[in-house]
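Colleague: Let's go through this one together. Put it on the screen and I'll ask as we go.

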Amino acid sequence: MVLDDASAEFHEFFERHYAELARLAHLLTGETDAADDLAADALVALWQRWDRLRQADHPLAYARGVVANLARGRIRSAVRERLRITLFWSRSPEKVEGPDMAAVLDVRAALTRLPFRKRACVVLRHAFDLSEKDTAAALGISVGTVKSQTSKGMAELERILGARAVGDLVAGRRNR
């Protein structure tokens with residue numbers, strides 16, 4: 001494979017600085033796996049602008065800035081996700097006359113086995129009675145994703161709890 005001058009320069013830049021950029025990302029995020037991804041994403045962004053950057057005085061400084069911005073975005077995203085989870089689990093349950101505690105415990109245990117997004121969609125749609133649109137807004141996802149995740153989540157609950165139990169759960173919500 002024959003490389004032109006720009007490709008060869010970028011390849012040399014990559015070989016020389018990838019490890020340093022990955023270390024920077026690791027120190028900023030504290031996540032080893034994310035560090036490699038962030039360094040690679042930063043280098044992809046640099047490659048897309050390499051014709052201009054190769055003429056710059058300090059392309060490594062620019063690369064460090066890109067890594068820092070990507071790390072900041074990842075940290076902000078993680079903080080938002082933790083806040084969503086905290087808000088989701090901090091709501092106190094409503095008082096209901098004579099709940100079937102065994103069923104409640106079974107449903108809660110089954111819900112914990114679902115991945116977060118499926119669990120959130122099922123709970124917001126069926127326990128909080130939110131519309132698909134309101135659920136999508138609460139989770140920051142599309143209405144289509146709410147539909148598919150709710151459907152898949154209910155199917156998993158049906159597999160875990162049995163079809164009759166899930167049917168009773170949904171029917172009980174409607175009768176409230």
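Colleague: Where is A120 found?

Modeller: Before the answer, a word on the rules: this is a predicted model, local features need pLDDT of at least 70, side-chain atom pairs count only at pLDDT 80 or more, and totals for chains, interfaces and linings use all residues. Numbering runs from 1 along each chain as its sequence is written, and side-chain values use heavy atoms, with hydrogens and water left out. Elements are DSSP runs numbered from the N terminus, with helices as H or I of at least four residues and strands as E of at least two. By that rule A120 is found in helix α6.

Colleague: And is A120 buried or exposed?

Modeller: We call a residue buried under 20% relative accessible area, exposed over 50% and partly exposed in between, using a 1.4 Å probe and protein chains only. A120 comes out at 0% relative accessibility, so the label is buried.

Colleague: What separates the C-alpha atoms of A120 and A138?

Modeller: Along the chain, these two are 18 residues apart. In space, the separation between their C-alpha atoms is 9.6 Å.

Colleague: What about I141, buried or exposed?

Modeller: I141 sits in the loop between α7 (132–139) and α8. Its C-alpha is 9.6 Å from that of R117, which is 24 residues away in sequence. With a relative accessibility of 15%, I141 counts as buried.

Colleague: Zooming out, how many helices does the protein chain have?

Modeller: Read along the sequence, the pattern is α-α-α-α-α-α-α-α-α. There are zero strands, and the helix count is nine.

Colleague: What percentage of the protein chain's 176 residues count as buried?

Modeller: A120 and I141 belong to that class, at 0% and 15%. Over the 176 residues of the chain, the buried share is 30%.

Colleague: Which element has the lowest mean pLDDT?

Modeller: pLDDT is the predictor's confidence in each residue, from 0 to 100. The chain's mean is 82, and 85% of its residues reach 70 or more. Where pLDDT is low, the coordinates shouldn't be read in detail. Helix α8 (residues 143–161) has the highest mean at 92, while the lowest, 57, belongs to helix α9 (residues 163–174).

Colleague: On to charges: how many salt bridges are there?

Modeller: The rule asks for a side-chain nitrogen of Lys or Arg within 4 Å of a carboxyl oxygen of Asp or Glu. By this rule the count is five.

Colleague: What is the N to O distance between E20 and R64?

Modeller: The side chains of E20 and R64 meet in a salt bridge. That pair links distant parts of the chain, with E20 in helix α1 (residues 5–29) and R64 in helix α4 (residues 59–90), 44 residues apart. E20 is partly exposed at 24% relative accessibility, as is R64 at 35%. The N to O distance is 2.4 Å.

Colleague: Which residue does R74 form a salt bridge with?

Modeller: The closest N and O atoms of that bridge are 2.9 Å apart, and the partner of R74 is E31. The two are 43 residues apart, R74 being in helix α4 and E31 in the loop between α1 and α2. R74 is partly exposed at 38%, and at 31% so is its partner, E31.

Colleague: In the bridge of E156 and K118, is K118 buried or exposed?

Modeller: E156 and K118 meet at 2.5 Å, N to O. E156 lies in helix α8 and K118 in helix α6 (residues 116–127), so the pair ties together parts 38 residues apart in sequence. E156 is buried at 17% relative accessibility. K118, at 14%, also counts as buried.

Colleague: Which residues make the nonpolar surface patch?

Modeller: Patch members have over 30% relative accessible area and no salt bridge; like charges are joined within 9 Å, nonpolar side chains (Val, Leu, Ile, Met, Phe, Trp, Tyr) within 5 Å. The nonpolar patch covers about 240 Å² and is made by I75, V79 and L83.

Colleague: Which residues gather in the patch of negative charge?

Modeller: Asp and Glu count as negative here, and Lys and Arg as positive, with His and the chain ends not counted. One member, D33, is in helix α2 (residues 32–48) and is exposed at 64% relative accessibility. The residues that gather there are D33, D36, D37 and D41.

Terms used:
Areas by Shrake-Rupley, 256 points an atom, 1.4 Å probe, with all protein chains shown as cover. Charge placed at Lys NZ, Arg CZ, Asp CG, Glu CD.
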